[in-house]
Amino acid sequence: MAIEPVTGRAYAAEGRAREAQEQFRLALAVPRASTHPDERAQALAGLGECEALDGVVPPRST
């Protein structure tokens, strides 16, 4: 099973940094995400881009 940070990229493209970050974090939290280095790199890059655009946004509290 591959992880796919597509939703995070879609939110980022719409300027929705908080939602994008949540999706990238979810992709990284998938069990065995570390066994998918390309997708993991995409999610980490997406997080970095969001932080560069919007500043570090803390996770939304539940």
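A helix here is a DSSP run of H or I that spans at least four residues, and helices are numbered from the N terminus. With that in mind, the tour can begin at Leu44, which is found in helix H3. The model on screen is a predicted one, and every stop below should be read accordingly.

**Stop 1: Leu44 in H3**

Select Leu44 and look at its surface: at 43% relative accessibility, Leu44 counts as partly exposed, because that value falls between the limits of 20% for buried and 50% for exposed. Now add Arg25 to the selection; Leu44 and Arg25 are 19 residues apart along the chain, and their C-alpha atoms are separated by 8.4 Å.

**Stop 2: the whole chain**

Zoom out and colour by secondary structure, which comes to three helices and zero strands, so that, read from the N terminus on, the elements run α-α-α. Switching to a surface display, one has about 4200 Å² exposed by the protein chain, with carbon and sulfur atoms supplying 55% of that area. Of the 62 residues, 26% count as buried. If contacts are drawn for pairs with a separation of 6 or more, residues 24 or more positions apart account for 59% of them.

**Stop 3: H1 against H2**

Next select residues 6-13, which form helix H1, together with residues 17-29, which form helix H2; the axes of these two helices come within 8 Å and cross at roughly 165°. That angle makes H1 roughly antiparallel to H2, and the crossing of the two is left-handed. Which residues meet here? On the H1 side they are Thr7, Gly8, Arg9, Tyr11 and Ala12, and on the H2 side Glu19, Ala20, Gln23 and Phe24. Taken by class, this contact of H1 with H2 has four nonpolar, three polar and two charged residues.

**Stop 4: Ala20 and Ala17 in H2**

Stay in helix H2 and pick Ala20, which at 0% relative accessibility counts as buried. Leaving aside neighbours within four places in sequence, Ala20 is in contact with Gly8, Tyr11, Ala12 and Cys50. A distance drawn from the C-alpha atom of Ala20 to that of Glu49, 29 residues away along the chain, comes to 10.0 Å.

Then move to Ala17, whose place is also in helix H2. Is Ala17 buried or exposed? Its relative accessibility is 13%, and Ala17 therefore counts as buried. Leu47 is a useful partner to select here, since it lies 30 residues from Ala17 in sequence and 8.9 Å from Ala17 in space, C-alpha to C-alpha.

**Stop 5: the loop between H2 and H3**

Follow the chain out of H2 to Arg32, which lies in the loop between H2 and helix H3, the latter covering residues 37-54. Check the backbone at this point: Arg32 has a positive phi of about 65° although it is not a glycine. For context, most residues other than glycine have a negative phi. Arg32 is exposed, with a relative accessible area of 65%.

The last selection is His36, which has its place in the loop between H2 and H3. Unlike Arg32, which is exposed, His36 is buried, with a relative accessible area of 18%, a value under the 20% limit. To finish, add Glu4: His36 and Glu4 are 32 residues apart along the chain, and their C-alpha atoms are separated by 9.5 Å.

Definitions and conventions:
Residues numbered from 1 in each chain as written. Predicted model: local features only at pLDDT ≥ 70, side-chain atom pairs only at ≥ 80, totals over all residues. Heavy atoms only, no water. Axes fitted to C-alpha atoms, helices over the stretch in contact; angles between N-to-C directions. Parallel < 35°, antiparallel > 145°, perpendicular 65-115°, else oblique. Left-handed = near helix turned anticlockwise from the far one by under 90°. Contact = heavy atoms within 4.5 Å. Nonpolar A, V, L, I, M, F, W, Y, C, P; charged D, E, K, R; others polar. Buried < 20%, exposed > 50% of the residue type's maximum accessible area, 1.4 Å probe, protein only. Areas by Shrake-Rupley, 256 points an atom, 1.4 Å probe, with all protein chains shown as cover.
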